[in-house]
Amino acid sequence: MTRMAATRDGYGEALVELGNNPKVVVLEADLGKSTKSLHYRKKYPERTVSCGIGEQNMLLIGAGLASSGFIPFASTFAIFTERAFEQMRNGIARTNLPVHLCGSHGGTHTGTDGSSAQSIEDLAIYRTLPNVVVMHPCDDVSTKELTMQLPELGQPSYMRTARNKTPVLYDGRAGDIKIGKGIVLREGNDAAIIACGVLVHESLKAAEELRNMGINVTVVDMHTIKPLDTELIGKLADECGAIVTAEDHSVIGGLGGAVSEYIVSANPIPVEKIGVDDRFGESAEADEMLEMMGLKSSNIVDSVQKAISRKS
Amino acid sequence: MNGKSISELKEMARKCRVEICKMTHRIQAGHPGGSLSEIDILCALYGHRLRCKPDDPDWIDRDRFILSKGHASPGMYAVLAEMGFISHEDLKSYRVKGGICQGHVDMKWCPGVDFSAGSLGMGLSFGLGCAIAAKIEGSSRNAYVMVGDGEIQEGSVWEAAMAAAHHELGNLKLFIDCNGIQNDDFCDAQMRMFDIPSKWESFGWSVKEIDGHDMEQIIDAIDWMDTITEVPCVVIAHTVKGKGVSFMENNPAFHGAAPNDEQLSQALQELEVSL
């Protein structure tokens, strides 16, 4: 039976392991229980800084620490990181200080908390910032591995994690995970599905449904949205001739936007985007939200067929 | 470089005022008013106290100085030139393409600048990070921050104020340059701040008020800051925007406007007389 886990747990585990490095500092904004930085606080209270409910202050405390040679990891809900966007831009991205921001509970998949909590624009806004690496992993193993790689990065990052448990794909495969490198989960030449986060799992389901229809697709876990693995996307464009992107995020500016921007300039093939269609969510269970927003495997199947039909 | 006498500091401030006028006049842009109001404090801090090495600006154990009101960069650049972090020739690069003296102070461009400011309300939080870093390392270095009075209208300043007291950052030292004028008008017309000292006291800070142009008072205040080690402290400095140039003094028009040729001549004449 497939192991189920939440990506936020992978983040929390990584922080504890990173604590061996005396330069690692964790910053919290009253959500350590939720983002899972609380495990670090228990083990390293002297290198955990409570910032109260004050995200703007938290990010710049991180910048000050980073300028003094520390490696700060700050986390809160994805939506609350957004109020500190200018701090991220002017205090962290512009100065290229290695502050690592984690936004948990992102996307409509966060569910019953409703639209105020469902960040569907985080990947887009952080992707616009020079120097900032943007990630949205799909399981706890890859989240942990990507987090473990951050101290060596030497530049700021944003990572979206999630509260809800999803199938674990990479048990025993942590070595396959590299920042900036998409992972091919299955291969087929009719089309390529490029997904991130929870939509990776829907994409794998869609691939199975498509196979039963005689359509063979490649599925890629594009856990890093920036820098985008354009080498892989270029290869897929050549081999498959049609791409579908899939994300629990607005269709504007996220993974779909990033892939489209590259494809338009490199090899204009059909691209269809699965994402939240420029609207806000509402309170519902996680799976109900995916259904409501058109983010289920059946929607991906439809988009793959449409993309294939558009091939010249 | 520390240990300058009162008269040396006054002379340093006079020279910096000349440079502030010349810099803004040369490019016909920038912020002379707030540079002239802050300059006596900056000279005193660098000339009397700040532990730093102009020939090794990135020395990790230096005291930090964070000019949060980053638009008042001409004042900062003038002091950095006086201290030898940069040359007086570098001052000609203020706001010029490729120049190290960017419009707002920028740590990526200019040696001796510890924070890239420009958006108000950010420097105090950054200073907290520097102060926390020093505490974790067990270093005795301090983080000094300067904000403007209009700047404390930014809500994030109060997030930082609360957090600094909570974390008992005795190594965090703040100056508020209270010149009473912000971009559009007098502060009292834009957003009255009422009793500023009481606000900081109620947030758990140790507070002292001074005349921000009286060099003796400034030196006493900096020495007083050394004695506050358990809580953050703030010196609320009452200043005059445009101080030292008669037609700029207390004149909102010179928040962000440069002197023209005639005005520069008059300014230089006045600053020469005040030698």
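The C-alpha centres of domain 1 and domain 2 of chain A lie 25 Å apart. Bear in mind that this is a predicted model. The domain assignment puts domain 1 of chain A at 4–167 and domain 2 of chain A at 183–309.

Where these two domains of chain A meet, domain 1 brings 27 residues and domain 2 brings 31 residues. On the domain 1 side, helix H7 (122–127), strand S6 (133–135), helix H8 (140–149) and strand S8 (166–167) of chain A each supply at least two residues.

Now for the contact between the chains: 23 residues come from chain A and 21 residues from chain B. On the chain B side, the elements giving two or more residues are helix H4 (123–137) and helix H5 (155–166) of chain B. H4(B) gives the most, with nine residues.

Here is how the residues of three of these contacts divide:

| Set of residues | Nonpolar | Polar | Charged |
|---|---|---|---|
| Domain 1 side of chain A, touching domain 2 of chain A | 12 residues | 12 residues | three residues |
| Chain B side, touching chain A | 12 residues | seven residues | two residues |
| Contact of H2(B) with H8(B) | seven residues | one residue | two residues |

The last row belongs to a helix pair inside chain B. Helix H2 (residues 32–49) and helix H8 (residues 215–227) of chain B pack at an angle of about 55°, and their axes are 10 Å apart. H2(B) and H8(B) are therefore oblique to each other, and H2(B) passes H8(B) in a right-handed crossing. H2(B) makes the contact through Asp40(B), Ile41(B), Ala44(B), Leu45(B), His48(B) and Arg49(B). From H8(B) come Met215(B), Ile218(B), Ile219(B) and Ile222(B).

Conventions. Residues are numbered from 1 along each chain as its sequence is written. Chains are lettered from A and ligands numbered from 1 in the order in which they are written. This is a predicted model: local features need pLDDT of at least 70, side-chain atom pairs count only at pLDDT 80 or more; totals for chains, interfaces and linings use all residues. Two residues are in contact if their C-beta atoms, placed from the backbone, lie within 7 Å. Helices (H or I, at least four residues) and strands (E, at least two) are DSSP runs, numbered from the N terminus. Ala, Val, Leu, Ile, Met, Phe, Trp, Tyr, Cys and Pro count as nonpolar, Asp, Glu, Lys and Arg as charged, and the others, Gly among them, as polar. Axes are lines fitted to C-alpha atoms, for helices over the stretch in contact, and angles run from 0 to 180 degrees between N-to-C directions. Angles under 35 degrees count as roughly parallel, over 145 as roughly antiparallel, 65 to 115 as roughly perpendicular and the rest as oblique. A crossing is left-handed if the near helix is turned anticlockwise from the far one by less than a right angle, and right-handed if clockwise. Domain bounds come from an automatic or database domain assignment.
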